[in-house]
Amino acid sequence: MRSVVYTKRGGMDAIDISESPSPQPGRGEVLVEVHRAGINFADLMMRQGLYSPVPPFPFTPGYEISGVVKELGADVENLSLGDRVVSLCGMGGYSEQVVTLAERCFRLPDSISFDAAAALPVTYLTAHHMLTYLGNFQPGDTILVHHAAGGVGTATGQLAKALGASKVFGTASTGKADFVRSLGMRFIDRESEDFVEVCKRETDGLGVHHALDPVGGKHMMRSYKALRSGGRLYAFGGSAAVKGSRRSIVTALRMVLTTPKFNPFKMMSSNKAVFGVHMGTWKDEAVLKKSGDPRWWRCLRTGESPLMVDKVFRFEEVAAAQQYIHDRKNRGKVLLDFSPE
Ligand SMILES: NC(=O)c1ccc[n+]([C@@H]2O[C@H](COP(=O)([O-])OP(=O)(O)OC[C@H]3O[C@@H](n4cnc5c(N)ncnc54)[C@H](OP(=O)(O)O)[C@@H]3O)[C@@H](O)[C@H]2O)c1
């Protein structure tokens, strides 16, 4: 089987395609023939050596896949050969075949395409986990989300609508205004508008209930400032560490050094909360299962929330696919096609 491999820390020159024997599923595992693998911003950061935790180089990235079950390991009862599934495989998804835990697989209804399925796990799980499990989201709440046209951004917009948010403020690059508005969000131009000011102005001076910040650096304190009393900030990324497809250590350091150190006493007097969120290191499977369960499929089946898949690249074009995201061109999710030709 062929896999995408990061051979070392670097730019696109660090990406290779390698050939290896098919892996064997162990107890509780299945072998999946991969049709689609989702690309996440974290994959780009891993390639640049700006992400933790990651396996040592060389390794195959890829948190999520959709495909067909080809082999069953011992004691697998929830799946059968030939099942179409989506899986949060943890790592190694950029591959023609993946061994993954059966309990991390969800069987797909016929109506759900491999594209739609592979776009779901990380984006929806992250958005859902923050808003509902951590954030005690209530109908009528207001949300601020950054990179609103991206993977987690579009999932947040759609989930927020399904959950009954009264308003979702979405920041993105200038050219994405129409796209962000088409998802029912209040577009804020990240290049020319002050999102704190807009959020306050349009919530009677109060601020938002939930601010989702995957940017880090100084930006994170601004997201905190956009919150109302009782509001919750979710610190879930550091995209400000990335400058183009090559690593810039100065940019990465600046992000780290300017990220706020929150003072609990100040948080107390302003009645605000800060959650650190990393789905990759989340351990409680029962909570994940609850998030992974019904709402996604119902939304997809009824077409209530059309998922946003922007572009699908053949896996041999993985560098072009990642460059597309570095260039901030994506509107929704970017996938890799591993299906047998
Ligand atoms: N903690 C977790 O568990 C978790 C899980 C999933 C995602 N995340 C984080 O959430 C963020 C979004 O992830 P995603 O996978 O959904 O990606 P994405 O939003 O699809 O990422 C691409 C978009 O990010 C924006 N962006 C911001 N800084 C950028 C930069 N330096 N280079 C290129 N694009 C940049 C661009 O949109 P605009 O120019 O329109 O802003 C770009 O189109 C990332 O920071 C990621 O690490 C965290």
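The paragraphs below lead from the domains of this protein to its ligand, and then to some details of its helices and loops. The model is a predicted one, and each residue is named by its number along the chain.

A good place to begin is the division of the protein into two domains. Domain 1 is made of two stretches of the chain, 2-120 and 308-337, while domain 2 is made of the stretch 123-280. The centres of domain 1 and domain 2, taken over C-alpha atoms, are separated by 26 Å. The two domains also touch each other, with 26 residues of domain 1 in contact with 24 residues of domain 2.

Where does the ligand lie with respect to domain 1 and domain 2? Both domains give residues to the shell around the ligand, and therefore the ligand lies between them. This shell holds 23 residues, and the closest of them are Val152, Ser173, Met279, Arg328 and Asn330. Sorted by character, the residues of the shell divide into 10 nonpolar, 10 polar and 3 charged.

Several side chains place a polar atom beside an oxygen atom of the ligand. For Arg328 the distance between such a side-chain atom and a ligand oxygen is 2.7 Å, and for Asn330 the distance is likewise given as 2.7 Å. Arg190 also has a polar side-chain atom beside a ligand oxygen, here at 3.4 Å. Taken on its own, the ligand has 910 Å² of accessible area, and the protein covers 95% of it. The elements that give two or more residues to the shell are helix H3 (121-134), helix H4 (151-163) and helix H12 (318-326).

Helix H12 deserves a closer look. Within H12, the residues Val318, Ala321, Gln322, Tyr324, Ile325 and His326 are buried. What covers these buried residues includes helix H1 (41-47) together with the strands S1 (2-6), S2 (15-19), S14 (309-314) and S15 (333-337). It helps to recall that an α-helix has 3.6 residues a turn, so residues three or four places apart point the same way.

Just after H12 comes Arg328, in the loop between H12 and S15. Its phi is near 60°, which is a positive value in a residue other than glycine. Is Arg328 buried, partly exposed or exposed when its relative accessible area is calculated? Arg328 is partly exposed, because its relative accessible area of 44% falls between the limits of 20% and 50%.

Helix H4, another contributor to the shell, contains Gln158. This residue is buried, because its relative accessible area is 5%, whereas buried means under 20%. The side chain of Gln158 is joined to the side chain of Tyr124 by a polar contact of 3.3 Å.

The remaining details concern the backbone in two loops. In the loop between H1 and strand S4 (64-72) lies Pro53, and the peptide bond from Ser52 to Pro53 is cis, with omega near 0°. Pro58 is found in the loop between H1 and S4 as well, and a cis peptide bond with omega of about -5° joins Phe57 and Pro58. The other loop runs between helix H6 (195-201) and strand S11 (208-213), and Asp204 lies in it. Asp204 has a positive phi near 55°, although the residue is not a glycine. With a relative accessible area of 73%, Asp204 is exposed.

Notes
Residues numbered from 1 in each chain as written. Predicted model: local features only at pLDDT ≥ 70, side-chain atom pairs only at ≥ 80, totals over all residues. Heavy atoms only, no water. Near = heavy atom within 4 Å. Polar contact = N/O pair within 3.5 Å; in protein donor to acceptor, adjacent residues only side chain to side chain. Areas by Shrake-Rupley, 256 points an atom, 1.4 Å probe, with all protein chains shown as cover. Helix = DSSP H or I, 4+ residues; strand = E, 2+ residues; numbered from the N terminus. Nonpolar A, V, L, I, M, F, W, Y, C, P; charged D, E, K, R; others polar. Domains from an automatic or database assignment. Buried < 20%, exposed > 50% of the residue type's maximum accessible area, 1.4 Å probe, protein only. Contact = heavy atoms within 4.5 Å.
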